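Me: I'd like to learn how to read a protein structure. Can you walk me through one?

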Amino acid sequence: MVAHSTVTPENRIATELRCRLEPAARDAVPRRAPQGLGRPSTVPAARHTHFPAFRSPEDFSTINRTTALLEESGFYWGPLSVHAAHEKLKHEAVGTFLIRDSHQKNCFFTISVRTATGPTSIRVVFQAGHFHLDGSKETFGCLFQLLEHYVRSPRKVLARPLHKERLRSLQELCRKSIVATFGKENLSRVPLNPVLKDYLESFPFKL
């Protein structure tokens, strides 16, 4: 990594996602044909990414926003392998979970969670603008609505997220408390200056 780089993980991922929506013609790279063999041909440039292609700009926008929120959440572990995720969870309390990149080509994210029988991983499917757990019919317009639903569920499938930083900042704790007190839908009414309101909106969830 170059020192003092201004490229953040969010910008890197957003750039990668944006490339998936560009016309295929931009992927064409001219290649000079051997002499005497006619016109130059074009060869598609190879791309290496775990992200599937988007069906619409709306899907791109949803995943881009979700990724930004995940980066802010503190419990998004990025391209963590399933083995490494399970190692981190095996000594945690039942219900402890984290979010990581899925290694399946048709999924963006995976939830790894400590169950009573040990760690396991569940793919998060994104389809028709909604998220759902693999094998479940319950859909949500936001990944964090899905997480909050299963945290509140009587079955307690999920209990608490495993943050990358064990000691959370006072700012994060205050934000979580304010969101829990006022609710996401009422944050605009909280008597704070615009800078602090922007901070609340950067992750307006109780997780």
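Reply: Sure, let's begin with a term. A residue counts as buried when its relative accessible area is under 20%, and as exposed when that area is over 50%. Keep in mind that this is a predicted model.

Me: What percentage of the residues of the protein count as buried?

Reply: Out of 207 residues, 37% count as buried. As for the outside, the accessible surface comes to about 13200 Å², and carbon and sulfur atoms own 55% of that.

Me: How many helices and strands does the protein have?

Reply: You'll find 6 helices and 7 strands. Walk along the sequence and they come in the pattern α-β-β-α-α-β-β-β-β-α-β-α-α.

Me: And how do I read a sheet?

Reply: Here's the general idea: strands of a sheet pair through backbone hydrogen bonds, and they do this either parallel or antiparallel. In this protein there is an open sheet of 5 strands, with the order β6-β5-β4-β3-β7 and mixed pairing. At its edges stand β6 and β7 (160-161), each with a single partner strand, so one side of each has no neighbour in the sheet.

Me: How many bridges join β4 to β5?

Reply: Strand β4 (residues 109-115) and strand β5 (residues 118-127) are joined by 7 bridges and run antiparallel. To see one pair of partners, find V113, whose bridge partner in β5 is T120. The link from β4 to β5 is a hairpin through 2 residues.

Me: What about β5 and β6, how many bridges are there?

Reply: Here 4 bridges do the joining, and β5 again runs antiparallel to its partner, β6 (residues 130-133). Try tracing two places in this pairing: V124 stands opposite L133 in β6, while V125 has H132 as its bridge partner. The hairpin of these two strands has 2 residues between them, and in it A128 takes a positive phi near 55 degrees.

Me: Now for a single residue. Is T66 buried or exposed?

Reply: Recall the cut-off: under 20% relative accessible area means buried. T66 has a value of 5%, so T66 is buried. You can find T66 in helix α2.

Me: Which residues is T66 in contact with, leaving aside its neighbours within four places in sequence?

Reply: The contacts of T66 are F109, F131, L143 and F144, once those neighbours are left aside. You can look at contacts across the whole protein too: among those with a separation of 6 or more, 51% are between residues 24 or more positions apart.

Me: How many cavities of 30 Å³ or more does the structure hold?

Reply: For this, think of a space where a probe fits but cannot get out. The structure holds 1 cavity of 30 Å³ or more. The largest cavity has a volume of about 50 Å³.

Me: Which residues line the largest cavity?

Reply: Its lining is made of E72, S73, R168, E172, R175, K176, F203, F205 and L207. Two or more of these residues come from each of α2 (57-73) and α5 (170-182). The largest share, 3 residues, is from α5. Sort the lining by class and you get 3 nonpolar, 1 polar and 5 charged residues.

Key. Residues are numbered from 1 along each chain as its sequence is written. This is a predicted model: local features need pLDDT of at least 70, side-chain atom pairs count only at pLDDT 80 or more; totals for chains, interfaces and linings use all residues. Side-chain values use heavy atoms; hydrogens and water are left out. On a 1 Å grid over the protein atoms alone, a cavity is a set of points where a 1.4 Å probe fits but cannot get out, and a pocket is an open set with protein on both sides within 12 Å along at least five of seven lines; lining residues have an atom within 4 Å of a point. Grid points are joined across faces, edges and corners, and a volume is the space filled by probe spheres set on the points. Ala, Val, Leu, Ile, Met, Phe, Trp, Tyr, Cys and Pro count as nonpolar, Asp, Glu, Lys and Arg as charged, and the others, Gly among them, as polar. Two strands pair if DSSP finds at least two bridges between them. Buried means under 20% relative accessible area, exposed over 50%, partly exposed in between (1.4 Å probe, protein chains only). Contact means heavy atoms within 4.5 Å. Accessible areas come from the Shrake-Rupley method with a 1.4 Å probe; for residues, only the protein chains shown count as cover.
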